[in-house]
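Trainee: Before we begin, could you show me the structure, so that I can ask how each term is justified?
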Amino acid sequence: MTKSKEIIKKSLVVLLGMVFMGCGINLMVYADIGADPFTTGVMGVFAAINRIGDYSFGTAQVLVNIFFVSIGFFLNRKKIGLGTLLSAFA
């Protein structure tokens, strides 16, 4: 398999995984049975940024992701790949 096909395949797997994960988290929150620790933290950031303006939950998610990807970049930038960036900004 060529390198470009491998990248496309890996990207599709990452995106599909993110869709399933997002649907699962959404169902847990909608059913009012709680959420995973990361989503709970994002909910806290969402509540905090809504005090200063009208922002969406997605904006809070991207801000938290940028924060953690930045930390990862400085600690070990070799581990930051296309999947990391896709999941942080998609």
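**How the terms are earned**

Mentor: In this predicted model, the nonpolar patch receives the most from α3, which gives four residues.

Trainee: Which residues make the nonpolar surface patch?

Mentor: The patch, of about 520 Å², is made by Phe38, Phe67, Phe68, Ile71 and Leu75.

Trainee: Leu75 is in helix α3, but why is Leu75 called exposed?

Mentor: The relative accessible area of Leu75 is 71%, and exposed means over 50%, so Leu75 counts as exposed.

Trainee: Turning to Thr39 in helix α2, why does Thr39 count as buried?

Mentor: Its relative accessibility is 4%, whereas the limit for buried is under 20%, and therefore Thr39 is counted as buried.

Trainee: Which residues is Thr39 in contact with, leaving aside its neighbours within four places in sequence?

Mentor: With those neighbours set aside, Thr39 is in contact with Ile25 and Phe57, where contact means heavy atoms within 4.5 Å.

Trainee: What are the buried residues of α2, and how do you know that they line one face of the helix?

Mentor: The buried residues of α2 are Thr39, Val42 and Ile49. Seen down the axis of α2, these buried residues fall within an arc of 80°, so they line one face of the helix. What covers them includes α1 (3–30) and α3 (57–76).

Trainee: How far does α2 reach, and what span is expected?

Mentor: Helix α2, residues 37–49, has 13 residues and reaches 19 Å from its first C-alpha to its last, which is close to the 18 Å expected at 1.5 Å a residue.

Conventions:
Residues numbered from 1 in each chain as written. Predicted model: local features only at pLDDT ≥ 70, side-chain atom pairs only at ≥ 80, totals over all residues. Heavy atoms only, no water. Helix = DSSP H or I, 4+ residues; strand = E, 2+ residues; numbered from the N terminus. Expected span 1.5 Å × (residues − 1). Buried < 20%, exposed > 50% of the residue type's maximum accessible area, 1.4 Å probe, protein only. Arc of directions from axis to C-beta. Patch = residues over 30% accessible without salt bridge, like charges linked within 9 Å, V, L, I, M, F, W, Y side chains within 5 Å. Areas by Shrake-Rupley, 256 points an atom, 1.4 Å probe, with all protein chains shown as cover. Salt bridge = Lys/Arg side-chain N within 4 Å of Asp/Glu carboxyl O.
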